[in-house]
Amino acid sequence: MKVKEPQDIIREIVKPGDAIMVGGFGLIGSPLTLIDELTRHDADELTIISNNVGEAGRGLGLLLRQGKIKKAIGSYFTSNREVAQWYNDGKLELQLLPQGTFSEAIRAGGAGIGGFYTPTAVGTELAKGKETKVIDGQMYLFEKALKADVALIRAQKADTKGNLVYYKTARNFNPMMATAAQYVIAEVDEIVEEGDLSPEEVVTPYLYVDAIVTSRLILTKEGVKEVWESRN
């Protein structure tokens, strides 16, 4: 049975020092319930692989304030200005990647590819210390694939087997991250019976998903909202 309680699966799976992929663009498509449980868990020294570190005091921003993030790998850290403060104070290590490079690095990790060559960032500060190669007269930069111990992803719906359906742009980085981690936990709004999902609408097959939890926190126009009690 893949359906779990969020607090139980986070404490069982996430260990200090883990590399964790977290889906979402800003807070859109972000597994807010699972992140909330991370803030209640004592695992620290974490490497967070996510497009951004949430917002100030929201999403992964809460984990940052607790000092549990050792390193962040992503593209859009300015969504949370506290990231710069932690970095300047020497409390946080950052690895900045262009967004397309970041996406491809995750895809490569899921595909079992060690890395790839890209012209993006050649000749910039981001190229320092990285291998370069001339291909057909153009300079390329080698980027290593990204993988993680755990992926925390967000989908709209799952069946009890673990097949996932996403909602519009909330899909963002989630499907790729589901392929690039050793253990994948999916947070969803709704869990249906096996066979209730059309094969054509399934984006992430169940083989990639190890556990499913029902969302307790959702993002609304007014902010993050508690929905747990209304479902029980």
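Biologist: In the hairpin of β8 and β9, which residue takes a positive phi?

Modeller: That residue is Gly162, whose phi lies near 115°. The hairpin has four residues between its two strands. Please keep in mind throughout that this is a predicted model.

Biologist: How should I read the pairing of strands, and how many bridges join β8 to β9?

Modeller: As a general idea, strands of a sheet pair through backbone hydrogen bonds, in either a parallel or an antiparallel sense. In this structure, β8 and β9 (residues 164-165) run antiparallel and are joined by two bridges. Within β9, Val165 is the residue opposite Lys157.

Biologist: In which sense does β8 pair with β10, and over how many bridges?

Modeller: The pairing of β8 with β10 (residues 181-192) is parallel and extends over 10 bridges. Ala148, for example, has Ala181 in β10 as its bridge partner. Strand β1 (residues 19-22) also pairs with β8 in the parallel sense, over three bridges. There, Ile20 has Val150 of β8 as its bridge partner.

Biologist: Why can β8 be called largely enclosed by the rest of the structure?

Modeller: The reasoning rests on a cut-off: a residue counts as buried when its relative accessible area is under 20%. Strand β8 covers residues 148-159, and nine of these 12 residues are buried, so the strand is largely enclosed by the rest of the structure.

Biologist: How many residues of helix α2 are buried?

Modeller: Helix α2 (residues 32-40) is mostly covered, with eight of its nine residues buried. Among the buried residues of α2 are Leu34, Ile35 and Leu38, and also Asp36 and Glu37.

Biologist: With which residue does Glu37 form a salt bridge?

Modeller: The criterion is a side-chain nitrogen of Lys or Arg within 4 Å of a carboxyl oxygen of Asp or Glu. By this rule there are 13 salt bridges in the model. In one of them, Glu37 is paired with Arg216, and their closest N and O atoms are 3.0 Å apart. The two residues belong to distant parts of the chain, 179 residues apart: Glu37 is in α2, whereas Arg216 is in the loop between β11 (211-214) and β12 (217-220).

Biologist: Are Glu37 and Arg216 buried or exposed?

Modeller: Glu37 has a relative accessibility of 4% and therefore counts as buried. Arg216 is buried as well, at 11%.

Biologist: Where do Arg107 and Glu104 lie?

Modeller: Both are in helix α5 (residues 99-111), three residues apart, which is about one turn of the helix. Their side chains form a salt bridge with an N to O distance of 2.8 Å. Arg107 is partly exposed, at 37% relative accessibility, and Glu104 is partly exposed at 25%.

Biologist: Which parts of the chain does the salt bridge of Lys130 and Glu143 tie together?

Modeller: These side chains meet at 2.9 Å, N to O. Lys130 is in the loop between β5 (115-118) and β6 (132-135), while Glu143 is in strand β7 (residues 138-144), so the salt bridge ties together parts 13 residues apart in sequence. Lys130 is partly exposed at 26%, whereas Glu143 is buried at 5%. Elsewhere, salt bridges with shared partners join Arg11, Asp36, Glu37, Arg40 and Arg216 into one network.

Biologist: What is the strand order of the open sheet that contains β7?

Modeller: The order in this sheet of three strands is β5-β7-β6, with antiparallel pairing. Strands β5 and β6 are at the edges and have a single partner strand each, so one side of each lacks a neighbour in the sheet. On average, neighbouring strands are turned by 35° against each other, direction ignored. The pairing of β5 with β7 comprises four bridges, and Tyr117 is opposite Phe142 in β7. Helix α5 lies across β5 and β7, and runs at about 150° to β5.

Biologist: How is a pocket found, and what volume has the second largest pocket?

Modeller: The general idea is that a probe the size of a water molecule, rolled over the atoms, shows where empty space is left. The second largest pocket has a volume of about 180 Å³. Its lining includes Ile49, Ile73, Gln95, Lys130, Phe142 and Glu143. Strand β7 gives the most to this lining, with three residues. The pair Lys130 and Glu143, already met as a salt bridge, thus appears again in the lining of this pocket.

Definitions and conventions: Residues are numbered from 1 along each chain as its sequence is written. This is a predicted model: local features need pLDDT of at least 70, side-chain atom pairs count only at pLDDT 80 or more; totals for chains, interfaces and linings use all residues. Side-chain values use heavy atoms; hydrogens and water are left out. Buried means under 20% relative accessible area, exposed over 50%, partly exposed in between (1.4 Å probe, protein chains only). Two strands pair if DSSP finds at least two bridges between them. Axes are lines fitted to C-alpha atoms, for helices over the stretch in contact, and angles run from 0 to 180 degrees between N-to-C directions. Contact means heavy atoms within 4.5 Å. On a 1 Å grid over the protein atoms alone, a cavity is a set of points where a 1.4 Å probe fits but cannot get out, and a pocket is an open set with protein on both sides within 12 Å along at least five of seven lines; lining residues have an atom within 4 Å of a point. Grid points are joined across faces, edges and corners, and a volume is the space filled by probe spheres set on the points.
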